[in-house]
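The exercises below are meant for a reader who is meeting this structure for the first time. Please work through each task before reading the solution that follows it.

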Amino acid sequence: NYSPDSVEYSWRDPSGILVSSTANLITSNYGTYSLEVQPKGSIPCQIEPFNFEIPVPVLSVETNIIAQPLCPDQPNASLTVEADLSEISTIEWWYTDFNNSRIRLLSESNKEEILATNEGTYEVILKNQFDCFMGSDQVLVLRSSDQVRPIVEESYQICPRYEIAPVINPGSFAGYEWYFGDNLVSTSPTFKPFQIGTYRLVVFSTEGCAYETTFETLEECELRVNFPNAIQPGNPDKPFLIYTNYLIDELEIWIFSKWGEVIFHCKNTQLLTEESTCIWDGYFDGQKVPPGSYAYRINFKNLEKNISNEQLGSILVIN
C-alpha cells in the first residue's frame, strides 16, 4: 500500500486529455473520465485505468397529471403523475378550492396516484433528494354535468332464423361497447342483435365517463296482425284498427259487404310496431253500415326477406 503523498495521479477527460495530477479532480464537464495512479519516482507500470462516469445532472423532469373525469355517478376521479421518477425523492400533492384556499394533501404524500373527491385545482410537485424543485403540473377537476344517457328499450323482438332484428341506436357518444354475456360483440354506434338473451351496452361520453344499460332480446319469427272481431259504428271506443308486429313492413286490407262490394280499403307501407293502423269507423258513404257480419281480406309482407301472408275472415258490426 502507498500513502496518498507517495503516488502520482493522472486524471483524464473523455477526450483522453490530462486535466489534473493532484489527488482531487474538479471539473464542470460531464462524461466518462479515467484515473491512473502510479508510485512516485518509479518506472510506470502497465495498469488498467479506472473509468468512471460524471453524468449530466438532472435539474428538471417533465411532469404531467393524467386525470380521469369526475363523473356524475362516481364518488371520485383518479389523478396519476406521469414523469421519470428515478431522481425523485418526494411527491407532494396540493389542493386549491374555489375560494382560493390552498392546502397540502399530507395523506397523499409520495403517492403516484390519488383520488380526487372534490372539485377544484389539484397540483403535484416533485423534489429530489436535496429537496430541490424538479417539476410540477396542475389540473382543474370539475364534476361532469352531462345528462345524456343511452336510450334503449327494455326488450326487442328478433328472428335469428331470418336474421331479422331492429337496428338499435342509443344516441350520440364518443365510444360504444356492446356485450352479449361477457363477450364484446361490437364497438359500432348502432347494433343489430341476432342472439336471444341479455345484452349489455357501455357508452363513453366525450368527457370519458362510462354509462351502462341492458336490454333483452325475445324470439318472434311469425308475421302477426291483431284487430277486434267486432266494432260499433259511431262509438270511438270500439273502432276497427290493426296492430302489427315488427316483422311486418307493408299491410293492405279490404272489407266487403254481403254482396262483395268493397266498403273499406287501406294500405300502409310505413308501419310502426305497436302503433295502430288502418282505422275504420264502421261508416260507408257517410252512413253507418247495417249490423251484421262482413268479410275481410288482409295481405301483409316483410320486404327485407320477401315474406308475405294472407288472412281471410269476418268481422261483426253491432248496434
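**Exercise 1.** Which cysteine does a disulfide join to Cys-266?

*Solution.* The model is a predicted one, and in it the partner of Cys-266 is Cys-278, with an S to S distance of 2.0 Å. Since a disulfide is taken as a pair of cysteine sulfur atoms within 2.5 Å, this pair qualifies. The next step is to place the two residues: Cys-266 lies in strand E21 and Cys-278 in strand E22, so the link ties together parts that are 12 residues apart in sequence. The angle about the S-S bond is -75 degrees, and the link of Cys-266 and Cys-278 is left-handed.

**Exercise 2.** Decide whether Cys-266, Cys-278 and Cys-132 are buried, partly exposed or exposed.

*Solution.* Buried means under 20% relative accessible area and exposed means over 50%, with partly exposed in between. Cys-266 has 15% relative accessibility and therefore counts as buried. Cys-278 has 6% and so counts as buried, whereas Cys-132, at 37%, counts as partly exposed.

**Exercise 3.** Find how many disulfides the whole structure holds, and describe the remaining pairs.

*Solution.* A search of the whole structure gives 3 disulfides. One of them is formed by Cys-71 and Cys-209, whose sulfur atoms are 2.1 Å apart. This pair links distant parts of the chain, 138 residues apart, with Cys-71 in the loop between strands E5 and E6 and Cys-209 in the loop between strands E15 and E16. Both Cys-71 and Cys-209 are buried, and their link is left-handed, with -105 degrees about the S-S bond. Another disulfide is that of Cys-159 and Cys-221, also with sulfur atoms 2.1 Å apart; the link is right-handed, at 110 degrees. When the bonded cysteines are numbered in sequence order, the pairing reads 1-3, 2-4, 5-6.

**Exercise 4.** Which strands each supply at least two residues of the largest nonpolar core?

*Solution.* Begin with the core itself, which has 28 residues, and in which those with the most contacts are Phe-240, Ile-242, Leu-251, Ile-253, Ile-255 and Trp-280. The strands that each supply at least two of its residues are E19, E20, E21, E22, E25 and E26, and the largest share, 4 residues, comes from E25. As a closer look at one residue, Ile-253 touches several others that lie beyond four places away in sequence, including Phe-240, Phe-264, Arg-297 and both Cys-266 and Cys-278, the two cysteines joined in the disulfide of the opening exercise.

Notes: Residues numbered from 1 in each chain as written. Predicted model: local features only at pLDDT ≥ 70, side-chain atom pairs only at ≥ 80, totals over all residues. Heavy atoms only, no water. Core = buried A, V, L, I, M, F, W, Y, C linked by side-chain atoms within 4.5 Å. Buried < 20%, exposed > 50% of the residue type's maximum accessible area, 1.4 Å probe, protein only. Contact = heavy atoms within 4.5 Å.
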